[in-house]
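Visitor: Could you show me the molecule and tell me how its labels are earned?
Guide: Sure, have a look.

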Amino acid sequence: MAEKLFIGGKWVKSKSGKTFTSINPATGGTIGTFQSGNSKDVGLAVRAARKAYKKWRLTPAPGRGEILFEAARLLKKNKKRLGKCVTDEMGKQISEGLGDVQEAIDVFEYMAAEGRRFFGHTTTSESPDKFAMTVRVPLGVCGLITPWNFPIAIPAWKLAPCLIAGNAAVFKPASDTPGCALELVKILSEAGVPDGVVNLVTGSGRNVGAPIVRHKGIDAISFTGSREVGEFVAANAGLKKVGLELGGKNPIIVMGDADLDLAVDGIIWGAFGTTGQRCTAASRVIVHKAVEKPLLARLLRATGKLTIGYGMKADVGPLVNQAAVEKTKAYVEIGKKEGKLFCGGNALEGNFFEPTIFTKVKPSARIAQEEIFGPVLAIITVKSLGEAITVANSTSYGLSAAIYTRDVNSAFTAIRDLEAGITYINAPTIGAEVHLPFGGVKATGNGTREAGILGLEEFSEVKTAYVDYSGKLQKAQIDE
Ligand code: NAP
């Protein structure tokens, strides 16, 4: 039986009368059948959200926090089961599937506690007997549109701050992972999120995503996904507040003084973890000529040890679907003309792809500039820290960057000069923690940050209030 949409607290069929299936990318088995929502469903979801918002915004934030704490507790209780759901529906290795759920637990706990720290500012007034302050207020109804690569964590990164700030949500998950989204929404409902505050509409980007972006009853859009769709969102959202978290082409710099074994561990995890399907995945290694040879020898050994297969059993899971396999294949063909294929390069039966490394890649090569979103790594050789940073900064993206060095001067120079929202020293480009801001510069987004205290800013706005207790008209800036 097909799963339903969740609108106004009820599980309902789509007005389209159509459904689609979600497939396990490793086994080809069916995960489930889901509603192909359309603009009418979006309209109903917006209406339900607007109605529920009226009460939810007036629920004290610590009370909203209690519900979020309960959601975190239920996620913990179901962590094992949900981790396997992530692995089965999206493909990532099981320890990463469990990590996906852990990230959701962390962000719900963090944001739940923010319900008691919903601070504004108080300040002086230029007039006597007058009080001035700012308070944080919700935005209204938020449209949340998410990708498949963190099918529980990314929706949680949006839902937790959205809810603690007092907003209602219309949530559209990626069509490759609707099952994980459904599980999360069920948990929120069980935790006590009132009917209509979170509405789930599954379906395609064209039929559900675009109507959300354009809907006049939605006040804000929080989007994570590709640059192409991000640009569509920016162009079509009108005057809504828009948060965009887009792609990356993240570099790891390895200096001549680096601990090479540590660097190799980080590169393998950064480039081939989640089969390279992370926005923060390391897709470029910028290595100092002095250590190029020993680094490559170590990388070859480490890559050769990786097992490929179903994420419950192997180190490297499948790509998410056949389109991703075709895209990776095409980039490997481009790479063969642009550099030297050092290892891997082959698509395997099903959706699997060998971890692939190219050497002798020029910084301007397409495989060094464009987001592949697969297990493909480009190695670029440089002669100095300055050159390494110039190369690192030479793409249009700016999400995450890393440097391996034992020199404190190089480390701080990199922190200052790398054009990236996140910089790691002696650690790979992946590994964000929920109490720190997450996001990028340049074409990675539009400057918003998720998670941490700044995550609340995306989902609230500041209201300024003046309280005049002088009992007379006081005119600001007017000489009496
Ligand atoms: P995507 O194709 O852009 O899809 C993202 C979401 O947008 C999906 O729910 C998709 O729906 C929906 N969508 C598609 N067309 C739309 C439209 N015209 N209007 C509104 N919504 C639309 O991205 P993806 O392939 O799922 O995810 C991979 C990308 O996400 C990569 O570029 C990666 O770097 C990026 N990403 C960024 C971050 C970050 O925080 N910076 C984190 C994770 C991933 P359908 O699934 O139905 O097509």
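Visitor: What makes an oxygen atom of the ligand and the side chain of S226 a polar contact?
Guide: That oxygen is 2.6 Å from an N or O atom in the S226 side chain, and a polar contact is a pair of N or O atoms within 3.5 Å, so this pair fits. Keep in mind that this is a predicted model, where local features need pLDDT of at least 70, side-chain atom pairs count only at pLDDT 80 or more, and totals for chains, interfaces and linings use all residues. Residues are numbered from 1 along each chain as its sequence is written, and side-chain values use heavy atoms, with hydrogens and water left out.

Visitor: Which polar side-chain atom lies 2.6 Å from an oxygen atom of the ligand?
Guide: One belonging to E371. As for cover, the protein hides 85% of the 910 Å² of accessible area that the ligand has on its own (Shrake-Rupley method, 1.4 Å probe).

Visitor: Why is α3 called roughly antiparallel to α6?
Guide: Their axes cross at roughly 155 degrees, and angles over 145 count as roughly antiparallel, so the label follows.

Note on methods: Axes fitted to C-alpha atoms, helices over the stretch in contact; angles between N-to-C directions. Helix = DSSP H or I, 4+ residues; strand = E, 2+ residues; numbered from the N terminus. Parallel < 35°, antiparallel > 145°, perpendicular 65-115°, else oblique. Polar contact = N/O pair within 3.5 Å; in protein donor to acceptor, adjacent residues only side chain to side chain.
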